[in-house]
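Visitor: I would like to understand how the helices of this model are described. Could you take me through the reasoning?

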Amino acid sequence: MEHAKALLIKGIMTFVVLLLLLGSYAGIGDILIITLVLGAVSYLAGDLFILPKTSNLTASLADLALSFFVIWGLGLMLFEQTNGLIGASLFAAVLIASGEWFFHSYLADRVLHINRKI
C-alpha cells in the first residue's frame with residue numbers, strides 16, 4: 001500500500017507539470033501516456049534502485065536525465081507539433097527533478113525506511 005501511495009503522489013506531480021508545460025503540444029491522453037511510462041521507469045530505476053544505494057542528489061540528477069529523455073522521446077513519437085519540444089522537455093524535467101528532491105525524502109522515510117540523512 002505504501003508503494004501505491006508513493007506512485008500516486010509521483011504520478012499526480014508529474015501529470016500536473018506535464019499538463020502545464022506540454023498542454024499546448026498534446027492532448028490529455030498523450031500526457032497521461034508519458035506520465036505512466038515516466039512514472040514506472042523512474043520509480044523502478046531512480047527511486048527503488050538508485051536512491052537506496054546512493055544519495056538524494058544522485059537520484060535527483062538521474063531523474064532529471066531520465067525525465068528529459070523520456071518526455072522528449074515520447075513527445076517526438078506522440079505529438080504532431082514538435083517545435084520547441086526540446087526546451088519544454090528540459091524545463092519539465094528540471095521541474096520534475098526539483099519535485100523528486102522532496103519526494104525522495106518522503107520515499108526514504110515512509111516507504112523504503114532508509115535510516116540515513118539524504
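Visitor: How do you know how helix 3 passes helix 4?
Guide: Happy to start there, keeping in mind that this is a predicted model. Helix 3 makes a right-handed crossing with helix 4, and a crossing is called right-handed if the near helix is turned clockwise from the far one by less than a right angle. For helix 3 (residues 56-78) and helix 4, the angle is about 145° and the axes are 8 Å apart. The residues of this contact divide into 16 nonpolar, 7 polar and 2 charged.

Visitor: Why is helix 1 called roughly antiparallel to helix 4?
Guide: Helix 1 (residues 2-22) packs on helix 4 at an angle of about 160°, with the axes 10 Å apart. Angles over 145 degrees count as roughly antiparallel, and therefore helix 1 earns that description relative to helix 4. Helix 1, too, passes helix 4 in a right-handed crossing. Its contact with helix 4 has 17 nonpolar, 3 polar and 5 charged residues.

Visitor: What makes helix 2 and helix 4 oblique to each other?
Guide: The axes of helix 2 (residues 28-53) and helix 4 cross at roughly 55° and come within 11 Å. Angles under 35 degrees would count as roughly parallel and 65 to 115 as roughly perpendicular; the pair is therefore oblique. This crossing is right-handed. On the helix 2 side, Leu38, Tyr43, Asp47 and Leu51 meet residues of helix 4, including Ile96, Phe103 and Leu107. By class, that contact has 7 nonpolar, 1 polar and 2 charged residues.

Visitor: How do you know how far apart the ends of helix 4 are, set against a straight helix?
Guide: Helix 4 (residues 85-111) has 27 residues, and at 1.5 Å a residue a straight helix would reach 39 Å. The end C-alpha atoms of helix 4 are only 34 Å apart, short of that value.

Visitor: Where does helix 4 bend?
Guide: The bend is at Phe102, by about 30°. That value is the angle between axes fitted to the seven residues ending there and the seven starting there.

Visitor: What is the phi of His113, which follows helix 4?
Guide: The phi of His113 is positive, near 55°.

Technical notes. Residues are numbered from 1 along each chain as its sequence is written. This is a predicted model: local features need pLDDT of at least 70, side-chain atom pairs count only at pLDDT 80 or more; totals for chains, interfaces and linings use all residues. Side-chain values use heavy atoms; hydrogens and water are left out. Helices (H or I, at least four residues) and strands (E, at least two) are DSSP runs, numbered from the N terminus. The expected span of a helix is 1.5 Å times one less than its number of residues. Axes are lines fitted to C-alpha atoms, for helices over the stretch in contact, and angles run from 0 to 180 degrees between N-to-C directions. Contact means heavy atoms within 4.5 Å. Ala, Val, Leu, Ile, Met, Phe, Trp, Tyr, Cys and Pro count as nonpolar, Asp, Glu, Lys and Arg as charged, and the others, Gly among them, as polar.
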